[in-house]
Structure formats: C-alpha cells, structure tokens
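Thanks for coming. I'll take one structure this morning, starting with the sheet and ending with the cores.

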Amino acid sequence: MIVGLSNPIEDYIDTRHNVGSWFIKILYKKFKIVLKYKKKFFGYIGLCKCVNNNVYFLIPNIYMNLNGTSIYAVASFYKIKIKNILIIQDDLNTFVGKTKFITSYKNYGHNGIKNIISKFENKVAFNRLCIGIGRPKRNVSLSSYVLSKPSKEEKKLIFQSIYSSINIVEKFINKN
C-alpha cells in the first residue's frame, strides 16, 4: 500500500501538510488508477495491478492526527503488513524541494506518524518517503505553517521533488 498523508481534502488540499496527497494524485495519473471514496476506509482508495501484485493507493480524508485510523482500516481489511506500506509525508526537517527515504518507528514530531504508530501498536520500523517543506520563519507557529499554502516558488520545488522521487515508489513496489 502507498499512502499519502493528508488532512481533509476539501479544506486543506493546497496546504503543506497535504503534500503526501499531492504525490498520490501524481501516481494515480501515472498508473491510471481510479481513486474512490470509501467510508469504511475514511479516505480515497484505488487499486493497481503492478508487477503481479495488488497495490493499494490511499489518501486518508480525515484529520492528520487520525490518519492511522484510515491506514489501519485498509491494512486490516486487505491483510497488508506494515513492512509493505510506504507512507508519503511532509517533513519540516527536510529542506523544501528535497526528499528522503527512511525506515523508522520514530515519529519525529509528526502527528500523522504518531497516530500510525499508535494504531499498529508496535515498534516495527516502517517505510516513509519524506517530502521537504522546510521550517517556518520566526514568529510563525508550526501548525500555522504546515496548514498554510507554500509560496509559488516553494510549490514548484516541492513538485520537482515529487516527480524526481517517483522512481523510489516504483522500486518499493517492485521490491515488495
């Protein structure tokens, strides 16, 4: 399963916290996947037959600090192990326009990741592709920053990093 962390699409689509959902939208166009809203999964889900495997693409449509509920619902229903899930998230600790792939069970202060860890109730490291959104300038709270829209230049850099990271997702799919 490939998951793009997000806040509710209607209200937060263009915010930094939703870069994970931006990534999934690019992937579903590339792989010609149809995403449909499924109430029981609290989000939008689509299926791709990739390398003889079923790969589910998910964009949770609940608040970031509850994204684990959506991911756990899909993983439980389709019996997907956490090691076979790739989480795509925004990352304050990575410069805008940069990405990094990590395998960890630490949340590094990200509320969506905290919730995923609590839902799966283990300390098993899981895979994440972190899309850099940088840190706010002084006098701007972290929550205000992640829930705001990036500048035109920042958005351009973010999308460049997304397009240059698609091969990471393809390697993850091929490996699993």
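Before the sheet order, one definition: two strands count as paired if DSSP finds at least two bridges between them. Also bear in mind that this is a predicted model.

With that in place, the sheet is open and has seven strands, in the order S2-S3-S4-S1-S5-S7-S6, with mixed pairing. The edges are taken by strand S2, residues 36-38, and strand S6, residues 99-104; each has a single partner strand, so one side of each has no neighbour in the sheet. From one strand to the next, the twist averages 30 degrees.

Now some of the pairings. Strand S3, residues 43-50, and strand S4, residues 53-60, are antiparallel and share eight bridges. Within that pairing, tyrosine 44 has isoleucine 59 of S4 as its bridge partner. S1 and S5 run parallel and are joined by three bridges, where glycine 4 is partnered with isoleucine 88 of S5. S5 and S7 are parallel as well, with six bridges; here glutamine 89 has cysteine 130 of S7 as its bridge partner.

How many of the residues of S5 are buried? Six of the six, so this strand is largely enclosed by the rest of the structure. The cover is on both faces: Leu86, Ile88 and Asp90 are buried on one side, and Ile87, Gln89 and Asp91 on the other. You will notice that the list includes Asp90 and Asp91.

Next, the helices on the sheet. Helix H4, residues 111-120, lies across S5 and strand S7, residues 126-132, and runs at about 170 degrees to S7. Its buried residues are Gly112, Ile113, Asn115, Ile116, Ile117 and Phe120. Their cover includes H3, S5 and S7. After H4 comes glutamate 121, with a positive phi near 45 degrees.

On to the aromatic residues. Any such pair is described by the distance of the ring centres and the angle of the planes. A search of the whole structure gives nine aromatic pairs. One of them is stacked: tryptophan 22 and phenylalanine 159, at 5.3 Å centre to centre with 5 degrees between the planes. This pair links distant parts of the chain, since tryptophan 22 is in helix H2, residues 19-30, and phenylalanine 159 is in helix H6, residues 152-175, 137 residues apart. Are the two partners buried or exposed? Tryptophan 22 is buried, at 5% relative accessible area, while phenylalanine 159 is partly exposed, at 24%.

A second pair has another geometry. Phenylalanine 41 and phenylalanine 77 have ring centres 5.5 Å apart and planes at 70 degrees; the cut-off for edge-to-face is over 60, so this pair is edge-to-face. Phenylalanine 41 is in the loop between S2 and S3, and phenylalanine 77 is in helix H3, so the pair ties together parts 36 residues apart in sequence. Phenylalanine 41 is buried, with a relative accessible area of 2%, whereas phenylalanine 77 is partly exposed, at 46%. Both belong to one aromatic cluster, made up of Phe41, Tyr56, Phe77 and Tyr78.

Two lysines also sit over rings. The charged end of lysine 155 is over the ring of tryptophan 22, 5.3 Å from its centre. Lysine 30 lies over the face of phenylalanine 31, at 5.9 Å from the ring centre.

Last, the nonpolar cores. Which residues have the most contacts inside the largest one? That core has 29 residues, and the answer is Ile2, Phe23, Leu27, Phe57, Ile88 and Val169. At least two residues each come from H2, S3, S4, S5, S7, helix H5, residues 142-146, and H6. Isoleucine 88, which we met as the partner of glycine 4, touches Ile2, Val3, Gly4, Leu5, Gly20, Phe23, Ile24, Leu27, Leu129, Ile131 and Val169, leaving out residues up to four places away in sequence. Apart from this core lies another, of 21 residues, including Tyr56, Leu58, Ile82 and Ile87.

Strand S5 thus links back to both cores: Ile88 is in the largest, and Ile87 is in the other. These two residues are on opposite sides of S5, both buried. That is where I'll stop.

Key:
Residues numbered from 1 in each chain as written. Predicted model: local features only at pLDDT ≥ 70, side-chain atom pairs only at ≥ 80, totals over all residues. Heavy atoms only, no water. Helix = DSSP H or I, 4+ residues; strand = E, 2+ residues; numbered from the N terminus. Axes fitted to C-alpha atoms, helices over the stretch in contact; angles between N-to-C directions. Contact = heavy atoms within 4.5 Å. Phe/Tyr/Trp six-rings, centres within 6.5 Å; stacked < 30°, edge-to-face > 60°. Buried < 20%, exposed > 50% of the residue type's maximum accessible area, 1.4 Å probe, protein only. Lys NZ or Arg CZ within 6 Å of the ring centre and 35° of its normal. Core = buried A, V, L, I, M, F, W, Y, C linked by side-chain atoms within 4.5 Å.
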